Amino acid sequence: MTVWAIIPVKPLNRAKSRLEKVLSADQRAALTEMLFRQVLSVVLSSNRISGVLVISRDTRAIGIARDLGAKTIQEGGQSDLNPALERATQVLKSWRVNALLILPADLPLIQVEDINAMVDGGREGEAVVIATDRNQDGTNALFVRPPGLFEYAYGKESFRKHVMLARAAGAKVTIYESERLQLDIDEPTDLEAYNQWVMAQADEASHLRPFLPLTT
């Protein structure tokens, strides 16, 4: 089975606007880049993933992706997430990819074991493996076999919507539960949870570091 990952990346200097009360613009850009590099390096380390396709309209993000060995699609204008993912999916379908794994670029705790488990959970037939966030609202990882099985519904309540769409398409749906994948960094409380986790797991998470002290 040929599996590719898709990682959509917002412009690095405009992302994480909900952290503006605790981080400066430069800090938010640095955080966004750090998270993207972390996710991309982990995905590229998985032997279940044949390749990674990064889609973004940020030239720096595109450059980072290419330097690390990923393929890229550079978006123009104000492309929304769902159309961007549909475009990336069509590209992978044209490459005759059997399945895809969509991951956001802000999962600091993701590990290769998570990627492998999600891919292994969807090896038979039409299958969807999905992981949600801490609020059980968003979609923090989405494995789809075959690509294009249903239209994406990222946004509010995307987890519930994707489960419904997958079942309506006749796919076997597996919910992958992982505390690591539940943490994405959008709000100040997410950043605090990340910093606390890194400090508590210092021996096991030596590759991670608390991110920049919060501004006052």
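Let me start with Pro146, which sits in the loop between strand S6 and helix H5. In this predicted model, the peptide bond that joins Arg145 and Pro146 is cis, with omega at about 0 degrees.

From that loop we pass to H5 itself, residues 158–168. Which of its residues are buried? They are Ser158, Phe159, His162, Val163 and Ala166. Viewed down the helix axis, the buried residues of H5 fall within an arc of 135 degrees, so they line one face of the helix. A general point about helices is useful here: an α-helix has 3.6 residues a turn, so residues three or four places apart point the same way. On the other side of H5, Arg167 and Ala168 are exposed. What does the buried face pack against? The buried residues of H5 pack against three strands: S5, residues 127–132; S6, residues 139–145; and S7, residues 172–175. Just after the helix, Gly170 adopts a positive phi of about 85 degrees.

Two residues other than glycine also have a positive phi, and I shall take them in turn. For Arg96, phi is near 60 degrees. Arg96 belongs to the loop between H3 and S4, and with a relative accessible area of 74% it is exposed. For Gln136, phi is near 55 degrees. Gln136 is placed in the loop between S5 and S6. Is Gln136 buried or exposed? Its relative accessibility is 61%, and it counts as exposed, because the threshold for that term is over 50%.

I turn now to the interior. In soluble globular proteins, nonpolar side chains tend to be buried together. Here the largest nonpolar core has 32 residues, and those touching the most other members are Ile7, Phe36, Val43, Ile49, Val52 and Val54. Which elements each supply at least two residues of this core? On the strand side they are S1 (3–9), S2 (51–56), S4 (99–102), S5 and S6. The helices are H1 (25–45), H2 (59–68) and H4 (112–120). H1 gives the most to this core, with five residues.

Val52 is a good place to look at the packing in detail. Setting aside residues up to four places away in sequence, Val52 touches Trp4, Ala5, Ile7, Leu40, Val43, Leu44, Ala70 and Lys71. There is also a second, separate core of 25 residues, and its members include Trp4, Ile55, Val144 and Phe150.

Another buried position is Val119, in helix H4. Its relative accessible area is 0%. Val119 and Val3 are 116 residues apart in sequence, yet their C-alpha atoms are 7.9 Å apart in space. What does Val119 touch, again not counting residues up to four places away in sequence? Its contacts are Met1, Val3, Arg48, Ile49 and Phe143.

Burial is not confined to nonpolar side chains, and Gln27 in helix H1 is an instance. Gln27 has a relative accessible area of 15%; it is therefore buried, the limit for that term being under 20%. The Gln27 side chain reaches the backbone nitrogen of Ser24 at 2.8 Å.

A side chain in helix H3 makes a similar kind of approach to a backbone nitrogen. The residue is Asn82, found in H3, and its side chain reaches the backbone nitrogen of Tyr154 at 2.8 Å. Leaving aside neighbours within four places in sequence, Asn82 is in contact with Tyr152, Ala153 and Tyr154.

H3 also brings us to the final topic, the largest pocket. How much space lies in this pocket? The figure is about 1200 Å³. Its lining comprises 42 residues, and Lys10, Arg18, Leu81, Asp106 and Asp186 lie nearest the centre. Two or more lining residues come from each of S1, S2, H3 (81–94), S6 and H7 (188–200). H3 gives the most to the lining, with three residues.

To draw the threads together, strand S6 recurs throughout this account. The buried residues of H5 pack against S6, S6 supplies at least two residues of the largest nonpolar core, and S6 gives two or more residues to the lining of the largest pocket. The loop that holds Pro146 lies between S6 and H5, which returns us to the cis peptide bond between Arg145 and Pro146.

Terms used. Residues numbered from 1 in each chain as written. Predicted model: local features only at pLDDT ≥ 70, side-chain atom pairs only at ≥ 80, totals over all residues. Heavy atoms only, no water. Buried < 20%, exposed > 50% of the residue type's maximum accessible area, 1.4 Å probe, protein only. Helix = DSSP H or I, 4+ residues; strand = E, 2+ residues; numbered from the N terminus. Arc of directions from axis to C-beta. Contact = heavy atoms within 4.5 Å. Core = buried A, V, L, I, M, F, W, Y, C linked by side-chain atoms within 4.5 Å. Polar contact = N/O pair within 3.5 Å; in protein donor to acceptor, adjacent residues only side chain to side chain. 1 Å grid on protein atoms, 1.4 Å probe; cavity = no way out; pocket = protein on both sides within 12 Å on 5 of 7 lines; lining within 4 Å. Points joined across faces, edges and corners; volume = space filled by probe spheres on them.
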